[in-house]
Each structure stands twice: as C-alpha cells, then as structure tokens.
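Open the model in a viewer and keep the sequence panel visible. The tour goes from the whole chain to one strand and its neighbours.

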Amino acid sequence: MADENEQSPEEQALADEWAAALAEAGDASQDDIDALMNGGAAAATAAAPAAPRAPMEEFGGMPKPSGQVSLDGPNLDVILDIPVSISMEVGSTEISIRNLLQLNQGSVVELDRLAGEPLDVLVNGTLIAHGEVVVVNEKFGIRLTDVISPSERIKKLR
C-alpha cells in the first residue's frame with residue numbers, strides 16, 4: 001500500500017496554490033500549510049479565517065397579532081410605491097374550445113352575471129371590492145359600492 005503522505009502532482013500543485021494564497025493574505029502559518037498538504041482543499045477552507053459578519057438589524061414596530069389590520073406604522077412606507085395590477089371583471093363563463101374557435105366579429109358570449117349586477121374589482125387577482133361602471137371625461141371608470149375590509153382581504157390570502 002502506498003504511503004498516505006504521498007500526493008499526486010495535481011494535489012501537490014493545489015496545495016502549493018493554497019499555501020501561496022494564504023501566505024499572500026498574511027494569515028498563513030505552518031499549521032495551515034500542513035493542513036493543506038494532508039487534508040486538501042476542504043481543510044484549507046476550514047482553516048481559512050472567516051470574514052467578519054455585519055451585525056443584524058432588528059425590525060422596529062412588529063405588527064401585533066390582534067386581528068386588527070392597521071395602516072399605521074413605520075414599515076408601511078417600504079411597500080407604498082409597489083405597483084399592483086387592478087382589474088374589473090364583468091363576468092365569466094366556460095365554453096368549449098370548439099365554440100371558442102367558432103367565435104368571430106359580432107358573436108355574443110353569455111356571462112354568468114345579470115345586467116346591472118355590480119362588477120368585481122380585483123387587485124392582483126384578489127377580490128377587494130364591488131362597483132358599478134361610470135363615465136368620467138369620456139372614459140370608463142368604476143364607482144366602488146362595496147369594499148371588502150382589510151382584515152377580510154388578509155384572511156383570503158391565507
């Protein structure tokens with residue numbers, strides 16, 4: 001059986017590179033070099049000094065689990081400028097692909113809502129309100145008639 005201290009030329013070259021890098025960093029000792037020679041790269045990373053860690057910052061104003069949703073607090077400013085997608089849903093239906101392919105200009109698709117029934121207002125796909133269509137300066141708009149409470153919205157997210 002070969003001597004355990006003998007290394008292949010590749011292992012020796014790797015150990016020499018690590019030893020040179022440690023010497024360049026100024027933290028190399030004979031123990032580090034010996035560890036490199038005997039243990040390879042795994043021992044070198046264990047022997048290398050760890051980088052100093054930055055202290056963790058604590059978040060102030062943790063929300064209280066009281067069930068009440070409050071818009072007050074120091075952390076809300078972080079999310080106020082995040083864009084969200086808002087959409088209004090008149091209704092929906094399911095049709096077969098065969099019928100979908102037969103649609104053309106002038107086709108009528110029947111929806112599951114009655115005429116005059118409020119529209120759903122969705123933010124990122126989550127229902128937040130109901131409303132009715134209005135015209136403002138020759139553009140469509142929506143007047144909110146029923147807004148779901150913030151606590152109910154949070155319950156729907158879970």
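Two strands pair if DSSP finds at least two bridges between them. Helices (H or I, at least four residues) and strands (E, at least two) are DSSP runs, numbered from the N terminus. This is a predicted model, where local features need pLDDT of at least 70 and side-chain atom pairs count only at pLDDT 80 or more, while totals for chains, interfaces and linings use all residues. Residues are numbered from 1 along each chain as its sequence is written, and side-chain values use heavy atoms, with hydrogens and water left out.

Select the protein chain and colour by secondary structure. Five helices and four strands appear, in the order α-α-α-β-α-β-β-β-α from the N terminus. Of its 158 residues, 11% count as buried (under 20% relative accessible area, 1.4 Å probe, protein chains only).

Next, select residues 119-123, strand E2. Why is E2 largely enclosed by the rest of the structure? Because five of its five residues are buried. Show the side chains: Leu-119, Val-121 and Val-123 point one way, and Asp-120 and Leu-122 point the other way. In a regular strand the side chains alternate between the two faces of the sheet.

Add residues 86-89, strand E1, which runs antiparallel to E2 and is joined to it by four bridges. Glu-89 has Asp-120 of E2 as its bridge partner.

Then add residues 126-136, strand E3, also antiparallel to E2, with five bridges between them. Here Val-121 stands opposite Ala-129 of E3.

Finish at the hairpin of E2 and E3, where two residues lie between the strands. Select Asn-124: its phi is positive, near 50°.

How values were computed. Buried < 20%, exposed > 50% of the residue type's maximum accessible area, 1.4 Å probe, protein only.
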